[in-house]
Amino acid sequence: MLQIRLHGRGGQGVVTAAEMLSLSAFLEGHCAQAFPSFGSERTGAPVVAYARIDDQEIRTHEPILMPDAVVVQDRTLLGAIDVFGGLSETGFAIINSAEKPEEIVPELVKKLPAGHVFTVPATDFAMQKIGRPLPGAPMLAALAAVTGIFKLESVQKSFQTRYPGKVGDANAQTAALAYEYIMNVKNGGANA
């Protein structure tokens with residue numbers, strides 16, 4: 001079972017991202033679940049959502065304390081809460097930032113294996129294509145590129161299914177930008 005924890009702030013689509021992650025997995029024939037954890041339900045408050053993916057029925061429903069992957073949609077949370085708490089020693093971390101991982105989480109880069117910590121300018125991509133700071137689709141596409149747990153096309157189709165028309169298509173475009181960005185980094189490109 002693959003367990004993923006998503007961190008962000010209210011209004012950034014963290015819960016939607018977890019749902020779309022689950023739908024992406026379903027589209028590829030996996031069992032999946034997604035659920036949120038709210039503290040203060042207001043815009044800007046820290047929000048955590050969880051997702052699990054497996055090839056068999058998932059019976060557990062408790063919060064994920066030891067994730068295999070952590071997705072951080074708002075980098076301001078890095079100093080505010082322990083977003084990487086419990087992350088597996090072979091886990092993956094993806095952070096929404098235009099800065100390099102070594103610049104914002106040097107300890108994590110040293111702790112995890114090479115190629116397990118990535119940053120992606122997801123909000124920039126969302127602003128380009130959607131016109132709003134909604135980093136969910138690009139963050140999920142980055143997760144797909146980093147881990148290979150599902151395909152870019154599944155992320156795109158999940159958003160296009162949930163939001164038919166222009167909104168879904170714009171999210172699909174942001175997903176493609178993030179996926180290409182991460183693949184370029186993985187291959188030693190200009191963003192590395």
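Val 120 in strand β6 is the bridge partner of Asn 96. The two strands involved, β5 (residues 92-96) and β6, pair in the parallel sense over four bridges; strands pair here if DSSP finds at least two bridges between them. Helices (H or I, at least four residues) and strands (E, at least two) are DSSP runs, numbered from the N terminus.

A word on the basis: this is a predicted model, in which local features need pLDDT of at least 70 and side-chain atom pairs count only at pLDDT 80 or more, while totals for chains, interfaces and linings use all residues. Residues are numbered from 1 along each chain as its sequence is written, and side-chain values use heavy atoms, with hydrogens and water left out.

**Strands**

Strand β6 (residues 117-120) is covered on both faces, with Val 117 and Thr 119 buried on one side and Phe 118 and Val 120 buried on the other. Buried means under 20% relative accessible area, exposed over 50%, and partly exposed in between (1.4 Å probe, protein chains only). In a regular strand the side chains alternate between the two faces of the sheet.

Strand β1 (residues 2-9) is largely enclosed by the rest of the structure, because seven of its eight residues are buried. Its pairings, together with that of β5 and β6, are set out here.

| Strand pair | Sense | Bridges |
|---|---|---|
| β1 and β3 (residues 46-54) | antiparallel | eight |
| β1 and β4 (residues 69-72) | parallel | four |
| β5 (residues 92-96) and β6 | parallel | four |

Arg 9 stands opposite Pro 46 in β3, and Ile 4 has Ala 69 in β4 as its bridge partner.

**Cores**

Ile 4 also appears in the largest nonpolar core, which has 42 residues; Ile 4, Leu 6, Leu 21, Val 120 and Leu 143 have the most contacts inside it. Helix α5 gives the largest share of this core, nine residues. Apart from it lies another core, of 13 residues, among them Leu 77, Ala 93, Val 105 and Leu 112. A nonpolar core is a set of buried Ala, Val, Leu, Ile, Met, Phe, Trp, Tyr and Cys residues joined through side-chain atoms within 4.5 Å.

Not counting residues up to four places away in sequence, Ile 4 touches residues including Leu 21, Tyr 50, Val 71 and Leu 143; contact means heavy atoms within 4.5 Å.

**Helices α5 and α6**

Met 139 lies in helix α5 and is buried, with a relative accessible area of 0%. Leaving aside neighbours within four places in sequence, Met 139 is in contact with Val 71, Val 72, Gln 73, Ile 94, Ile 95, Asn 96, Val 120 and Ala 122.

In helix α6 (residues 152-162), the buried residues include Leu 152, Val 155 and Phe 159. The buried residues of α6 pack against α1, α5 and α7. Ser 154, also in α6, is buried with a relative accessible area of 8%. Ser 154 touches Ser 24, Leu 27 and Glu 28, not counting residues up to four places away in sequence.

**A pocket**

The second largest pocket holds about 200 Å³ of space. Its lining has 14 residues, with Thr 16, Leu 134, Phe 159, Tyr 163 and Asn 171 nearest its centre. Elements giving two or more residues to this lining are α1 (14-27), α5 (136-147) and α7 (166-186).

On a 1 Å grid over the protein atoms alone, a pocket is an open set of points where a 1.4 Å probe fits, with protein on both sides within 12 Å along at least five of seven lines; lining residues have an atom within 4 Å of a point.

Conventions:
Points joined across faces, edges and corners; volume = space filled by probe spheres on them.
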